[in-house]
Amino acid sequence: IRLQDELAGTENRIAVERRRYNEVIREYNVTVRRFPSNIVAGLAGFEKSDAYFKADEAAKGAPKVSFE
């Protein structure tokens with residue numbers, strides 16, 4: 001039971017960090033396209049990023065553990 005709880009907690013932490021990462025990418029994309037930062041971004045070679053983290057639906061749940 002403790003292992004299952006720990007696995008569920010780990011999956012929750014991964015999901016939180018995945019959301020944070022995707023939020024940072026979204027903010028970056030907005031900044032790169034918004035005036036006047038888009039001028040500086042264009043001169044410096046920054047472009048829109050499609051590096052969003054996508055996980056399979058099966059990866060979003062905690063794994064099942066059986067000791068039988």
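Student: Is glycine 42 buried or exposed in this model?
Tutor: Keep in mind that we're looking at a predicted model. Glycine 42 sits in helix α2, and its relative accessible area is 51%. The cut-off for exposed is over 50%, so glycine 42 counts as exposed.

Student: How far apart are the C-alpha atoms of glycine 42 and valine 32?
Tutor: Along the chain, the two are ten residues apart. Valine 32 belongs to α1, where it is one of the buried residues, while glycine 42 is found in α2. Between the C-alpha atoms of glycine 42 and valine 32, the separation is 8.0 Å.

Student: What helices and strands does the protein have?
Tutor: Helix α1 covers residues 2–33, and α2 covers 37–44. Strands come to zero. So the count for the protein, by DSSP runs, is two helices and zero strands.

Student: Why does the end-to-end distance of α1 agree with its number of residues?
Tutor: Helix α1 has 32 residues, and at 1.5 Å a residue it should span 46 Å. Remember that the expected span uses one less than the number of residues. The end C-alpha atoms of α1 agree with that, being 47 Å apart.

Student: Which residues of α1 are buried?
Tutor: We want those with under 20% relative accessible area. For the whole protein, buried residues are 15% of the 68 residues. What covers the buried ones in α1 includes α2. The buried residues of α1 are Gly9, Glu11, Ala15, Arg18, Asn22, Ile25, Asn29 and Val32.

Student: How do α1 and α2 lie relative to each other, parallel or perpendicular?
Tutor: Their axes are 6 Å apart and meet at an angle of about 95°. Angles of 65 to 115 degrees count as roughly perpendicular. That's why α1 and α2 are described as roughly perpendicular.

Student: Which residues make that contact, and what classes are they?
Tutor: From α1 come Thr31, Val32 and Arg33, and from α2 come Ser37, Asn38 and Ala41. Sorted by class, the contact of α1 with α2 has two nonpolar, three polar and one charged residues.

Student: Where is the cis peptide bond, and what is its omega?
Tutor: Look at proline 36, in the loop between α1 and α2. The cis bond joins phenylalanine 35 and proline 36, with omega about 5°.

Student: What share of the exposed area do carbon and sulfur atoms supply?
Tutor: Start from the total, since the protein exposes about 5900 Å². Of that area, carbon and sulfur atoms supply 58%.

Methods. Residues numbered from 1 in each chain as written. Predicted model: local features only at pLDDT ≥ 70, side-chain atom pairs only at ≥ 80, totals over all residues. Heavy atoms only, no water. Helix = DSSP H or I, 4+ residues; strand = E, 2+ residues; numbered from the N terminus. Buried < 20%, exposed > 50% of the residue type's maximum accessible area, 1.4 Å probe, protein only. Areas by Shrake-Rupley, 256 points an atom, 1.4 Å probe, with all protein chains shown as cover. Contact = heavy atoms within 4.5 Å. Axes fitted to C-alpha atoms, helices over the stretch in contact; angles between N-to-C directions. Parallel < 35°, antiparallel > 145°, perpendicular 65-115°, else oblique. Nonpolar A, V, L, I, M, F, W, Y, C, P; charged D, E, K, R; others polar.
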